[in-house]
Amino acid sequence: MYSQGLIGANTETQETPEFLAAFQARIDAEEKIEPNDPMPAAYRKTLIRMISQHAHSEIVGMLPEGNWITRAPTLRRKVALLAKVQDEGGHGLYLYSAAETLGVSREQLTQELLTGKAKYSSIFNYPTPTWADIGAIGWLVDGAAIMNQVPLCRCSYGPYARAMIRVCKEESFHQRQGYELMTSLAEGTEEQKAMAQDALNRWWWPSLMMFGPSDSDSQHSDQSMAWKIKRFTNDELRQKFVDATVPQAELIGLSMPDEKLTWNESKNNGQGGYDFGEIDWDEFWQVVKGHGMMNKDRINAKRKAWDDGAWVRQAALAHAEKQNQRKAAA
Amino acid sequence: MTEHKDHLKVALLQVADDHLILGHRLSEWCGHAPMLEEDLSMPNMALDLIGQARHLYTYAAELEGLQRSEDDLAYLRTDREYTNCLLVERGNIDFAHTMLKQLYFAAYMKPFWQFVEGCSDNTLSAIAGKAVKEISYHIRHAGEWVIRLGDGTDESAERMHLAVETLHPYTEELFWIDEHRKICIDAGLLPAADVVRPQWDATISAVFEQAKLAIPEVTYPLLGGREGKHTEAFGYLLAELQYMQRAYPGAQW
Ligand SMILES: [Fe+2]
Ligand SMILES: [Fe+2]
Ligand SMILES: [Fe+2]
């Protein structure tokens, strides 16, 4: 009755060839894998890595945009930004819960973020020096996130797929809002237009890097594709993003900081697409490895919040404990 | 009626400024809260407050009749023209101070809005109807934290005690009534102190009892904001708030 591959108390699986084949057959039949289903350890590990990195990105991503809440130029913009940053926090919470279904606690994941062991999207290690950065982030960063996440709505792991459906709705609202903000800057005074172009210049390349290394250099892609955790390669998604975004920039009179950007009729099986310049992968790896302008500030801000809040969390526990004792005594 | 308009405008600006400035302080926490749940709750309350401020500024501008917008009122006045009470502009200091400040304010606003909801001014009554639901949540949320912290660990109790000592002297200004507000009270548009005060006292006493906190005697209340006399920290708050509007005059955002 203890079938092979069933998760034991220690969540270990016996991965016989038969078990792996049966698992792959479920994936191929587009069945959703649920928390209590048997799964290969590597599948579990890959998902924990992906979901927790995604959750951390939402949380760290609150900082660069949060940087402008108190300085937002109008009350309408202030309210929209507050709501957006709050949404990102909600995504983080939701994703930590999805990760917990795989047997890791939020506490544990938080520690990994604070000690620098866990990764989060490198894009958030770039600074937001101007108000236009808020538009650029919504338009480009949320835009790139959607390209990545829409296919994840069909991810083979049920809880992640379901989380993504909800998250994607909000991300596409953020993307439209960011583009609308950029549009109003682009239609504004010369100073505003310059601010918008400068933000685009700074965010364009980092947002292309958000899709990760080229397929030839990506260490995780093949197996994730076979398990239908991922549905498209990094380069495919990046191309989709470029093709969708370049016309949006043109529409509002902004230009991408890429001299090699040209329309290529023959791309995408004859449907056409943009050729674009070479991504500076040295910069990408430099930031991934912790040497971007804001890496240390981001982690230090999260650590400070965590450390400064320790007494609050302790007090909440102590109070709950007292309440329990009072109930028991009553 | 013209007269009421002018006085009501002045009185509503006081309330609008309270909401904007307290919302501003709360929003400073965003991303830096003691736990993720509070990283969601504090911006949520800030959203409520700034949303209320927008309604109030818009209505005050309408009463004024000078074609000023909500943003003109929120962003383009001098420090002496803001008439929020001092309580709401005080720095966050720590989570205990922040939650206590929130409780003091919400405990005042709930009976305020409950009264206004029933007043004869339809615009005001509609604003109040929405606000009263939101503010009840603020009382509950902040009140629960004051209780947890007051009756938590030694450290949290000490911090809570300190917050009460620091902030209680500012609460008197919540009940400040000037000639403008007096006229609105007489017209039945805004509540008199004896409508609001007993409920405020009851809310604070109930929370403090569970939080094991004593209500201090205040001999020297700290006042000034309603007359545009602010603390030093307020100038820095305005510098942040107004930065974009001052740096790019006349631009649309
Ligand atoms: Fe998000
Ligand atoms: Fe996201
Ligand atoms: Fe987003």
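Start in the largest nonpolar core, a set of buried Ala, Val, Leu, Ile, Met, Phe, Trp, Tyr and Cys residues joined through side-chain atoms within 4.5 Å: select A:Trp131 and B:Trp113, which touch the most other members among its 177 residues. Buried here means under 20% relative accessible area, exposed over 50%, and partly exposed in between (1.4 Å probe, protein chains only). This is a predicted model, where local features need pLDDT of at least 70 and side-chain atom pairs pLDDT 80 or more, while totals for chains, interfaces and linings use all residues. Residues are numbered from 1 along each chain as its sequence is written, chains are lettered from A and ligands numbered from 1 in the order written, and side-chain values use heavy atoms, without hydrogens or water.

Next, pick ligand 3, an iron ion. Its protein donors (N, O and S atoms within 2.8 Å of the metal, or 3.2 Å for Na, K and Ca; water is not among the atoms, so sites may look incomplete) are A:Glu88 (OE), A:Asp142 (OD), A:Glu171 (OE) and A:His174 (ND1), 1.9 to 2.2 Å away. Now show ligand 1: A:Glu88 bridges this iron ion and ligand 3, the two lying 3.5 Å apart. Zoom in on A:Glu171 and A:His174, both buried.

Then hop to the salt bridges (a side-chain nitrogen of Lys or Arg within 4 Å of a carboxyl oxygen of Asp or Glu); there are 32 over all chains. Try B:Asp151 and A:Lys322, with closest N and O atoms 3.1 Å apart. B:Asp151 is buried at 2% relative accessible area, whereas A:Lys322 is partly exposed at 28%. Finish on A:Glu65, A:Lys84, A:Glu88 and A:Asp142, joined into one network by salt bridges that share partners.
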